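Colleague: I'm new to reading protein models, and I'd like to learn how the words we use are backed up. Could we go through this one together?

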Protein chains: 2
Amino acid sequence: MTDALAVLPTPSLVLDEGRMLRNVDRLRRHLAGLGVAPRPHLKTVKSVEAARRVLADGTGPATVSTLREAEVFAAAGVRDILYGVGIAPQKLPRVLALRAAGCDLSLVLDSPAQAEAVAQASRRAGDAVPVLIEIDSDGHRSGLRPEDPAVVAIGRLLEEGGAALRGVVTHAGESYGATGAEALAAFAERERRAAVAAAEALRAAGLPCPVVSVGSTPTAHRARDLSGVTEVRAGVYVLFDLVMAGIGVCTLDDIALSVLTTVIGHQRERGWIVVDAGWMALSRDRGTAAQAVDQGYGVVCDAGGRVLDDLIVEAANQEHGIVAVRPGSRAALPDLAVGTRLRILPNHACATGAQFDAYAVLPADGTGTLAHWDRFRGW
Amino acid sequence: MTDALAVLPTPSLVLDEGRMLRNVDRLRRHLAGLGVAPRPHLKTVKSVEAARRVLADGTGPATVSTLREAEVFAAAGVRDILYGVGIAPQKLPRVLALRAAGCDLSLVLDSPAQAEAVAQASRRAGDAVPVLIEIDSDGHRSGLRPEDPAVVAIGRLLEEGGAALRGVVTHAGESYGATGAEALAAFAERERRAAVAAAEALRAAGLPCPVVSVGSTPTAHRARDLSGVTEVRAGVYVLFDLVMAGIGVCTLDDIALSVLTTVIGHQRERGWIVVDAGWMALSRDRGTAAQAVDQGYGVVCDAGGRVLDDLIVEAANQEHGIVAVRPGSRAALPDLAVGTRLRILPNHACATGAQFDAYAVLPADGTGTLAHWDRFRGW
């Protein structure tokens with residue numbers, strides 16, 4: 001593998017396809033055991049080639065975080081997409097255009113104002129746009145409490161106004177701050193209870209609720225019972241990262257994403273090795289800063305992907321990374337000459353991936369011939 | 001201005017050209033008073049259209065942080081470029097290609113290993129590549145102390161090996177953590193003293209040192225004496241940001257960059273307004289976190305650019321921003337309906353700009369007709 005990477009410019013974004021396929025398969029099997037299918041979130045990979053390997057048959061179901069993602073993946077043949085961010089009324093013309101082109105795009109919202117806008121757009125287009133009401137299961141972000149009478153009121157606004165109530169959706173974003181199987185299983189149960197309670201309230205009011213959608217990478221992997229749930233969303237598990245390793249959802253060996261970099265200098269008396277991956281390549285994400293082990297801007301590996309003992313990117317400027325031994329460690333700083341290539345495991349795969357326009361892919365077939373997969377971005 | 005922005009999708013990156021031109025002119029006049037010309041750093045704007053307005057006559061001198069920047073700006077007619085990150089030997093073929101195409105590209109380094117690589121490449125190409133030796137003036141990152149005998153040794157390696165010693169370069173990155181005119185003037189003087197001392201050591205050894213290059217946005221604006229200095233580098237001043245406002249180098253009214261966003265929801269009992277600019281649009285940069293006033297992920301303005309009283313982006317997920325009143329403030333949360341447009345002033349212009357592929361430009365001519373300037377990225 002090292003040989004194939006030797007020809008790349010640095011910094012480059014490296015994806016280990018074998019690890020990615022293993023991650024995708026692991027969650028699919030876990031959820032199958034609980035009787036539920038995944039609806040993978042494609043905001044992490046933002047790549048058509050990667051999505052083809054993440055989705056069961058390449059056509060969906062999928063979740064996205066931007067309409068640009070919906071447009072790119074729909075053009076690539078994905079037919080069942082949930083746009084998981086609360087809809088702004090100004091975005092409805094793009095939603096209707098995607099639906100008119102044959103993509104079953106569904107929306108998320110949590111206010112009567114949004115529901116009225118979607119209902120009005122549905123009537124005008126003669127297309128009952130499907131909507132999931134967002135439920136707040138952990139006080140993290142958006143959504144209504146399941147017992148809030150607005151849940152049923154919005155359901156009625158949608159159904160009577162010409163849109164289609166497809167179900168309820170929740171995401172326990174706070175689970176990223178919990179650690180260990182027990183704590184994460186408890187978050188998974190909070191997601192399930194909140195979503196199922198909201199679905200029951202809608203059904204008790206005579207409204208339809210075919211879909212009960214929950215999920216985040218931590219809760220998806222630690223859920224023990226998904227009774228009443230119809231689908232699970234997760235995204236970062238496809239590539240994994242140091243934040244997920246820090247809360248115990250994966251090991252370093254599962255992380256499929258790394259940034260290839262080159263040593264460009266030393267400050268020997270300070271114990272620093274300077275590399276050409278700064279925060280422009282690694283991203284400014286410091287998601288491990290609040291965890292038990294702060295990984296700085298990333299864990300340093302050799303070019304073959306072997307983790308170097310207690311070596312992290314301690315600080316980052318725009319195009320410079322400062323590699324040093326982790327504070328408190330007795331590990332020796334390795335002697336790495338100018339020109340040496342290293343790979344950095346990222347704190348957050350979504351953030352680091354977004355800094356690049358393509359993946360250099362170490363293929364799962366073991367041939368060692370690099371593949372090139374485009375990434376996209378924007379809204 | 002509000003009308004022109006009403007047609008943009010959100011999030012979008014907005015550049016106020018009038019503010020930008022004012023920022024560029026202010027520094028040019030300050031440096032002219034000290035008898036020195038600027039060598040603007042184009043890593044902040046990463047745009048050919050913006051660079052044409054930043055550079056005195058559009059052809060240079062300029063500083064860049066990646067070879068991709070050098071290649072794009074050289075293709076657009078910039079003829080004098082300093083690549084300000086320590087050279088990795090593997091990058092020399094691209095350097096030679098740019099020079100062969102007529103761009104006077106100069107390099108930075110701080111080790112004999114790099115100097116030997118550049119000398120060897122110079123001899124093979126029959127092109128004496130110009131080099132500036134990096135000097136460490138504040139312990140921040142790379143470079144040699146001015147009194148280090150390696151400065152002269154490297155100068156000799158370059159001159160005798162076939163490269164060209166063009167001078168010395170330093171950057172007081174630590175100045176970003178200082179506040180107020182006195183502290184920043186002291187950092188400017190540290191930069192000047194270190195660079196001039198290194199230049200004198202080279203000249204005393206019979207080596208040439210025509211260029212003495214210093215600078216950062218904070219020190220460039222607060223320098224009081226630049227005797228012995230021949231050029232000043234600065235980049236973020238073109239657009240400015242909350243970090244620079246926090247250390248007293250600009251006011252909020254100088255910040256030329258903002259992210260246009262739309263209200264997509266509320267959590268009224270928590271005092272939250274949810275917008276469609278998360279960290280994917282604002283970047284993960286939290287540069288004001290360590291300052292006297294923590295601005296969260298940015299300061300909130302109305303669509304016309306007027307700062308709203310004590311309103312900040314308190315938290316951010318990938319595509320969601322949580323707007324709230326600053327902790328400790330008694331300001332009331334404004335009533336902003338779903339669909340309302342806002343503009344967010346960023347912590348760090350370099351990081352936020354990099355999240356977008358283009359600027360929507362509010363033109364300085366006051367016509368209100370938006371211009372579109374492409375941005376680029378990559379290495």
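**How do we know?**

Modeller: Happily! Between domain 1 of chain A and domain 2 of chain A, two residue pairs are in polar contact, both residues at pLDDT 80 or more. Keep in mind that this is a predicted model.

Colleague: Which elements supply the side of domain 1 of chain A that touches domain 2 of chain A?

Modeller: Helix 12 (349–353) and strand 17 (371–374) of chain A each give at least two residues to that side. By class, the side of domain 1 has five nonpolar, one polar and one charged residues.

Colleague: How do you know that domain 1 of chain A and domain 2 of chain A are in contact?

Modeller: The cut-off is heavy atoms within 4.5 Å. Seven residues of domain 1 of chain A meet ten residues of domain 2 of chain A by that rule, so the two domains are in contact. Their centres, taken over C-alpha atoms, are 35 Å apart.

Colleague: What makes up the area buried between domain 1 of chain A and domain 2 of chain A?

Modeller: It comes to about 630 Å², with 65% from carbon and sulfur atoms. On the domain 1 side, C350(A), Y359(A) and W373(A) supply 69% of the buried area, more than any other three residues.

Colleague: Now the two chains. Why is the pair K91(B) and D276(A) called a salt bridge?

Modeller: The rule asks for a side-chain nitrogen of Lys or Arg within 4 Å of a carboxyl oxygen of Asp or Glu. For K91(B) and D276(A), the closest N and O atoms are 2.7 Å apart. That value is within 4 Å, so the pair is a salt bridge. The count between chain B and chain A is eight salt bridges, whereas between domain 1 and domain 2 of chain A it is zero.

Colleague: Which strand of chain B gives the largest share of the side that touches chain A?

Modeller: Strand 10 of chain B does, with four residues. That whole side of chain B divides into 18 nonpolar, 20 polar and 14 charged residues.

Colleague: How many residues of each chain are in contact, and what area is buried?

Modeller: 52 residues of chain B are in contact with 52 residues of chain A. About 4,600 Å² is buried between the chains, and carbon and sulfur atoms give 51% of that. In chain B, R141(B), R377(B) and W379(B) lose the most area to chain A, together 18% of what that side buries.

Technical notes: Residues are numbered from 1 along each chain as its sequence is written. Chains are lettered from A and ligands numbered from 1 in the order in which they are written. This is a predicted model: local features need pLDDT of at least 70, side-chain atom pairs count only at pLDDT 80 or more; totals for chains, interfaces and linings use all residues. Side-chain values use heavy atoms; hydrogens and water are left out. Buried area is the accessible area (1.4 Å probe) that two parts lose on being put together, summed over both. Ala, Val, Leu, Ile, Met, Phe, Trp, Tyr, Cys and Pro count as nonpolar, Asp, Glu, Lys and Arg as charged, and the others, Gly among them, as polar. Domain bounds come from an automatic or database domain assignment. A polar contact is a pair of N or O atoms within 3.5 Å; within protein, one must be able to donate a hydrogen and the other to accept it, and residues adjacent in sequence count only if both atoms are side-chain atoms.
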